[in-house]
Amino acid sequence: MKILLIGPSETKARGGMSEVIRGIRDSELLGNEFEIDSFPSYIDGSLPVRLLYCFYAYFRFMVCYRKYDLFHIHTAERGSTFRKNFYLKKIKKAGKRAIIHIHGAEYLRFYDGLNRRRKRIVDRFFHRADLVLTLSDSWRRELLTRFPIKMCRILYNGVDTVGLQEAYTEVEEHRHSFLMLGRLGRRKGALDLVNAVERAVLHNPALTVCMAGDGQVEKVRSFVREKGLEGHILIPGWIDGKEKMHYLRNALTIVLPSYDEGLLRCSNDVEMLRDMSRKNREKAEDKFSIRQMHRQLAEYYRQMME
């Protein structure tokens with residue numbers, strides 16, 4: 001079975017969706033059973049660059065889509081949904097099956113702010129999908145109450161437990177070091193974290209926080225300077241690969257000040273860490289690893305082709 005993953009470019013777009021797509025395409029477990037390609041529908045850049053690329057990508061899709069059996073569409077809120085709607089309409093018109101994978105943490109807020117005409121477009125977007133995937137049970141329940149969905153399932157984001165083994169931290173050496181990874185901005189709680197650090201250093205002058213990611217980087221850096229916290233908060237910008245491992249090794253605690261991340265997903269991460277701290281590594285990896293995520297996804301793919 002030939003499957004096409006549609007979403008942000010793995011190499012020219014930053015963020016979680018690109019990483020998920022790369023993980024699926026590179027999965028040996030999935031690759032042994034399915035022929036999987038990725039199709040970049042979006043790249044980062046200025047508004048003119050993004051618009052031109054979106055038109056170019058859609059015309060490329062029109063040329064190649066007929067050779068695929070199943071489409072796994074990764075989408076978030078706002079323009080991502082409306083762009084992917086064009087892909088989904090073409091797929092369903094050709095009588096093929098499609099999975100919609102919802103990543104946007106602000107999706108319901110985005111939907112509630114739409115006018116009636118645009119809400120109808122989003123409603124039809126969900127109704128056309130053969131399967132909708134969400135990141136937590138709370139999201140699944142919310143989407144089922146709002147949208148005319150045929151089938152909705154949960155697919156947790158997996159943790160690369162093998163790759164993260166090299167991020168082992170010396171507890172005593174980094175006891176006062178914290179790390180935030182993600183997009184810097186209001187929704188991710190970046191400014192709230194700066195305010196919290198301002199208070200915390202009064203009680204613990206040794207405290208340091210690294211806030212790494214893209215988004216409103218300069219705005220957050222300016223806010224840190226205003227607070228006089230340059231000696232306590234480092235903002236390196238976007239990091240990945242070996243650089244990410246370096247910062248993970250040099251922090252004892254990961255901070256997630258986001259307003260919108262699902263609590264169920266966070267509790268799963270905590271349970272995984274608890275299992276690993278108790279040396280139940282096999283149990284933790286079986287329940288929460290990226291391999292388990294891919295096993296579940298393989299089952300969904302099979303169901304779509306029955």
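**Sheets and helix packing in the predicted model**

Strand 8 and strand 9 are paired in the parallel sense over 3 bridges. Within this pair, Val209 faces Ile233 in strand 9. The model described here is predicted. The pair belongs to an open sheet of 4 strands, ordered 9-8-7-10, in which the pairing is parallel. Strand 9 (233-237) and strand 10 are the edge strands, and each of them pairs on one side only.

Strand 7 (residues 177-181) runs parallel to strand 8 (residues 208-212), and 5 bridges join them. One position in this pairing is Ser177, which stands opposite Thr208 in strand 8. Between the two strands the chain passes through helix 8 (residues 190-203), and the resulting β-α-β crossover is right-handed. Strand 7 is also joined to strand 10 (residues 253-254), by 2 bridges and again in parallel. Here Phe178 is placed opposite Thr253 in strand 10. In general, the side chains of a regular strand alternate between the two faces of the sheet.

Two helices lie across strands of this sheet. Helix 9 (residues 217-227) lies across strand 8 and strand 9, and its direction is at about 160 degrees to strand 9. Helix 10 (residues 241-249) lies across strand 7, strand 8, strand 9 and strand 10, and runs at about 145 degrees to strand 7.

Another open sheet has 6 strands in the order 2-1-3-4-5-6, with parallel pairing. Its edges are formed by strand 2 (35-42) and strand 6 (152-154); each has a single partner strand, so one side of each is left without a neighbour in the sheet. On average, neighbouring strands of this sheet are turned by 20 degrees against each other, direction ignored. At one edge, strand 5 (residues 131-134) pairs with strand 6 in the parallel sense over 3 bridges. Thr134 has Ile154 in strand 6 as its bridge partner. Helix 3 (residues 47-64) packs on the sheet, where it touches strand 1 (2-8), strand 2 and strand 3 (70-75). The direction of helix 3 makes about 145 degrees with that of strand 2.

Contacts between helices were examined for two pairs. Helix 4 (residues 79-93) packs with helix 6 (residues 116-128) at an angle of about 45 degrees, and their axes are 10 Å apart. Angles from 65 to 115 degrees count as roughly perpendicular and those under 35 degrees as roughly parallel; helix 4 and helix 6 are therefore oblique to each other. Their crossing is left-handed. On the side of helix 4, the contact is made by Thr81, Phe82, Lys84, Asn85, Leu88, Lys89 and Lys92, which meet Arg118, Ile121, Val122, Phe125 and Arg128 in helix 6. The residues of this contact divide into 5 nonpolar, 2 polar and 5 charged.

In the other pair, helix 1 (residues 16-26) and helix 13 (residues 290-304) pack at an angle of about 75 degrees, with axes 11 Å apart. Helix 1 and helix 13 are therefore roughly perpendicular to each other. Val20, Gly23 and Ile24 in helix 1 are in contact with Met293, His294, Leu297 and Tyr301 in helix 13. Of the residues in this contact, 5 are nonpolar, 2 are polar and none is charged.

How values were computed
Residues numbered from 1 in each chain as written. Predicted model: local features only at pLDDT ≥ 70, side-chain atom pairs only at ≥ 80, totals over all residues. Heavy atoms only, no water. Axes fitted to C-alpha atoms, helices over the stretch in contact; angles between N-to-C directions. Parallel < 35°, antiparallel > 145°, perpendicular 65-115°, else oblique. Left-handed = near helix turned anticlockwise from the far one by under 90°. Contact = heavy atoms within 4.5 Å. Nonpolar A, V, L, I, M, F, W, Y, C, P; charged D, E, K, R; others polar. Pairing = 2+ DSSP bridges. Right-handed = clockwise from strand over helix to strand, strands pointing away.
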